[in-house]
Amino acid sequence: MSWRDKLQEIRERILGRQASSNAAGTPITAAASVARQPAKELASTIAPTRRIVAINLGIDFGTSFTKVCYRDVGTEESGVVAIGEGLKHALLPSVVLVGADGRLSLSDGPNYPDCIAVTYLKMRLAGTPIEEELTEVAGAKLGDITTVKALAAWFLASVIARSQQWMSLNEASRLKNRTPAWSANVGVPVEHYDSTALATFEEVLGVAWTWVKDHNIPRTLGSALHDYSAATPRLTHEVADLNAIPEIAAAVQSFVMSREAVPGIYIYFDIGGGTVDGVAFNYVNHNGERRINFYSGKVEALGISAIGTALKRNHQREFDAALLEALLKNCPRNIRKDYENRVRCLVGNVVMTAKKKDGRDWQVDAVQSYDYERRFIGRLSPDRMKPLMVFLGGGGSISQWYGSTISSTYTEFQQERAGVPPYKLLKVQSPKDLTLMQGADFTRFAVSYGLSIPFGEGPEVRLPSQFAEPEQAKPWSPPGLVNYADSKDVFD
């Protein structure tokens, strides 16, 4: 119905009413009433239909810090959301403070007496806690999986509510006279996404979403435990706007969506505060139909804060790359070598698992000429091979120690003999449709940016469990050769 039709409907409705009286009691007709009413006044009585603006939140639920990016689906514009320190800082520690009386707060919120900091929530959800067991508060064991799920849901609900608040304050022009339709994607490590742990993550995300939609985020641990149980039956039919997405599938979005992306094998390591998450994938593009085939994924508690806490053994929570490198430099040589070997084992596992599943010869010489082929027959020299592209992301990607340790895996594990080409370390470039805060490094927001792209709009993703290692070829044997083990009884 047009504006003019609505105006005519109002006029007819007024004309059909009984005549009203003015203040002096003199009757006036409805027609006269309409005639007296200015056109602008009549127009204002028509409630304008508010347009919808679809906003998708990409939540990088990190082991140490959580980051959020938003995306205006209509304009395809993305930006970083400040969810920490009074909505002024982009990084929020992934920590929940539990007071002695059970009251809950974020790390930058009220600091209640005798509060306990519950850290590394994501790893606890996955069943691989980084730190020791926690104590009991207000009658609940903080290390119990039921409590961890309630605390993680409370944390994510608080993050979503803060993100919506920040958008209303800082993107007011985008939301003006428009009704926001909220949706969100939350990242889960590929290894956990491709396991039974995914159901736990999805349940926690769903509960958090219902709390936000109901505008009823619990304030105490007891309430969170009660409300969590009450919300779970609703998840099957009420939660449709929240999706769990493989984290590094999101992290490579800016790469695979760019025109420069070339199909092939790639490695990605997300170096965070608590963990190092590594994957190997085959990027496929068939006439514009993009697909990411994840061959392998591995997560280890080898992030900056995890190693730093183990080396320093105190209650310091925040470590940066410079502090970690200073600690490693001054620690005993055998301890440093042990950490280097653990990182290399993760890298080797990711690379070699993918190599076996792919089944192709990765040592492709991209530059050799026909003369070179004829003159040099046999194994290609490493300097003539097309390199294996290794992307580094996360806050630890600026660390020289992580870079050199990952790069040295090739020589230390003699991967040339296994048919692996030399590594070439790269950083994913910031996309043009993302507005970064001043001084921000895109590598820290690559995951949240990719998650901000609505579910289903990115390339199709296939997980490591969908790819089996190819059967090994049987060793050659001369035709007609009799196997003694099969025929020995004949000669007894």
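Select Gln253 first; in this predicted model, Gln253 lies in helix H12, which spans residues 253-256. Colour the residue by accessibility: its relative accessibility is 8%, under the 20% limit, and Gln253 therefore counts as buried.

Next, display the residues around Gln253. Leaving aside residues up to four places away in sequence, Gln253 touches Gly450, Ile453, Gly458 and Pro459.

Move now to a pair of helices. Select residues 304-312, which form helix H13, together with residues 321-330, which form helix H14. Two packed helices are described by the angle between their axes and the distance between the axes. Here the axes come within 10 Å and cross at roughly 40 degrees. H13 and H14 are therefore oblique to each other. Rotate the view until one helix lies in front of the other: H13 passes H14 in a left-handed crossing.

Show the side chains where the two helices meet. On H13, the contact is made by Ile304, Ile307, Gly308, Leu311 and Lys312. On H14, the partners are Ala321, Leu324, Leu327 and Leu328. Sorted by class, this contact of H13 with H14 has 7 nonpolar, 1 polar and 1 charged residues.

Finally, select the whole protein chain. A cartoon display presents 19 helices and 20 strands. Of the 492 residues in the chain, 48% count as buried. A surface display covers an accessible area of about 25,600 Å², of which 50% belongs to carbon and sulfur atoms. For a contact map, take the contacts with a separation of 6 or more: residues 24 or more positions apart account for 67% of them.

Notes. Residues are numbered from 1 along each chain as its sequence is written. This is a predicted model: local features need pLDDT of at least 70, side-chain atom pairs count only at pLDDT 80 or more; totals for chains, interfaces and linings use all residues. Side-chain values use heavy atoms; hydrogens and water are left out. Axes are lines fitted to C-alpha atoms, for helices over the stretch in contact, and angles run from 0 to 180 degrees between N-to-C directions. Helices (H or I, at least four residues) and strands (E, at least two) are DSSP runs, numbered from the N terminus. Angles under 35 degrees count as roughly parallel, over 145 as roughly antiparallel, 65 to 115 as roughly perpendicular and the rest as oblique. A crossing is left-handed if the near helix is turned anticlockwise from the far one by less than a right angle, and right-handed if clockwise. Contact means heavy atoms within 4.5 Å. Ala, Val, Leu, Ile, Met, Phe, Trp, Tyr, Cys and Pro count as nonpolar, Asp, Glu, Lys and Arg as charged, and the others, Gly among them, as polar. Buried means under 20% relative accessible area, exposed over 50%, partly exposed in between (1.4 Å probe, protein chains only). Accessible areas come from the Shrake-Rupley method with a 1.4 Å probe; for residues, only the protein chains shown count as cover.
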